[in-house]
Amino acid sequence: MAKPRFIALPEYREYPEAEMKQRAADFYADIRRRRTVREFSPRPVPREVIEHCLLAAGTAPNGANRQPWHFVVVGSPEIKKQIREAAEKEEREFYCRRAPREWLEALEALGTDEHKPFLETAPCLIAIFAQGYEVTPEGKKLKNYYVQESVGIAAGFLINALHHAGLATLTHTPSPMGFLNDILRRPENERPYLLLITGYPAENAKVPDIHKKTLNEIATFV
Ligand code: IYR
């Protein structure tokens, strides 16, 4: 058993209460501006921005610090085309056959359908993979813990970091999305978790007129 090694908490900052309140309010004001966008501009995004956002995502708390994620950043038009074709095939199945009526009704307000042009228009698709286990250099399988939670938190950090940098995102989950393993040549221990479409919104991008629940609806103080 490895002995735990501790260091003094580095870089924690407490703010004076007034500043704390202002920061909390400012953060909410900024994150509430984020909207999922389905119409993207083809303008390229700086690689350095994506790199910093991925580093931010990689700081997410996670099970046993295994960091059970891998991000594939797709900028290649050929690979984007392959992903679009495979995703639209699944989506056609979903919208025309598999989806129960109740699910389609729930999606009505969003105006989504089986056409996914953004998979080619957007400059950057970030495929997020979850690693169910690790393979040691000796070829031994090492189980990971709280994989779904960990990768979900990292995806949240990533969406937040991209928004903070001024980029729009769309969380896209064609189902099933095993085709991402084939196209992106990811190993057996990784499962696609989310495809994060990233870029600038198209000039006249429109979003559905939907609203968030109130604090009373989402929280209880006891
Ligand atoms: N994956 C499909 C359907 C879809 C499902 C949910 I839940 C959404 O919030 C949005 C879409 C699609 O991407 O169209």
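At 27% relative accessibility, His-70 falls in the partly exposed class, a convenient place to enter this predicted model. His-70 is part of strand 1. Leaving out residues up to four places away in sequence, this histidine touches Ala-127, Ile-128, Phe-129, Gln-131, Arg-186 and Glu-190. One of these partners, Ile-128, is 58 residues away from His-70 along the chain, yet the two C-alpha atoms are separated by 5.9 Å.

A second histidine makes a useful contrast. His-172 belongs to strand 5, and its relative accessibility of 6% is under the 20% limit, so His-172 counts as buried. The contacts of His-172, again without residues up to four places away in sequence, are Ala-87, Glu-91, Lys-116, Phe-118, Leu-119, Leu-194, Leu-195 and Ile-197.

Stepping back to the overall fold, the protein contains eight helices and six strands. Along the sequence these elements follow the order α-α-β-α-α-α-β-β-β-α-β-α-β-α. Taken along the principal axes, the box filled by the C-alpha atoms is roughly 55 × 55 × 40 Å. Among contacts with a separation of 6 or more, 80% join residues that are 24 or more positions apart. Of the 222 residues in the protein, 35% are buried. The accessible surface amounts to about 15,300 Å², and carbon and sulfur atoms account for 54% of that area. As for charge, the protein carries 31 positive and 30 negative charges, and the mean positions of the two sets are 3 Å apart.

Strand 6 deserves a closer look. This strand spans residues 190–199, and because eight of its 10 residues are buried, strand 6 is largely enclosed by the rest of the structure. Strand 2, residues 124–131, pairs with strand 6 in the antiparallel sense over eight bridges. Within this pairing, Phe-129 has Pro-192 of strand 6 as its bridge partner. Strand 6 also pairs with strand 5, residues 168–172, where five bridges join the two strands in the antiparallel sense. Here the bridge partner of Thr-171 is Leu-196 in strand 6.

Leu-196 also appears in the nonpolar interior. In soluble globular proteins, nonpolar side chains tend to be buried together. The largest nonpolar core of this model has 24 residues, and those touching the most other members are Ile-50, Phe-71, Ile-126, Ile-128, Leu-158, Leu-162 and Leu-196. Two or more residues of this core come from each of helix 2 (47–57), strand 1 (69–74), strand 2, helix 6 (147–164) and strand 6. Helix 6 gives the largest share, with eight residues. Once neighbours within four places in sequence are set aside, Leu-158 is in contact with Cys-53, Leu-54, Ala-57, Phe-71, Ile-126, Ile-128 and Leu-196. Another core, of 22 residues, lies apart from the largest one, and its members include Phe-40, Val-74, Ala-168 and Phe-179.

The backbone also has some noteworthy details. Most residues other than glycine have a negative phi, and most peptide bonds are trans. The peptide bond from Ser-175 to Pro-176, however, is cis, with omega near -5 degrees. Pro-176 sits in the loop that runs between strand 5 and helix 7 (179–184). Asn-65, a residue other than glycine, has a positive phi, near 50 degrees. Asn-65 is found in the loop between helix 2 and strand 1, and its relative accessible area of 53% is over the 50% limit, so Asn-65 is exposed. Arg-185 likewise has a positive phi without being glycine, with a value near 55 degrees. The loop between helix 7 and strand 6 holds Arg-185, which counts as exposed at 73% relative accessibility.

Conventions: Residues numbered from 1 in each chain as written. Predicted model: local features only at pLDDT ≥ 70, side-chain atom pairs only at ≥ 80, totals over all residues. Heavy atoms only, no water. Buried < 20%, exposed > 50% of the residue type's maximum accessible area, 1.4 Å probe, protein only. Helix = DSSP H or I, 4+ residues; strand = E, 2+ residues; numbered from the N terminus. Pairing = 2+ DSSP bridges. Contact = heavy atoms within 4.5 Å. Areas by Shrake-Rupley, 256 points an atom, 1.4 Å probe, with all protein chains shown as cover. Lys, Arg positive; Asp, Glu negative; His and termini not counted. Charge placed at Lys NZ, Arg CZ, Asp CG, Glu CD. Core = buried A, V, L, I, M, F, W, Y, C linked by side-chain atoms within 4.5 Å.
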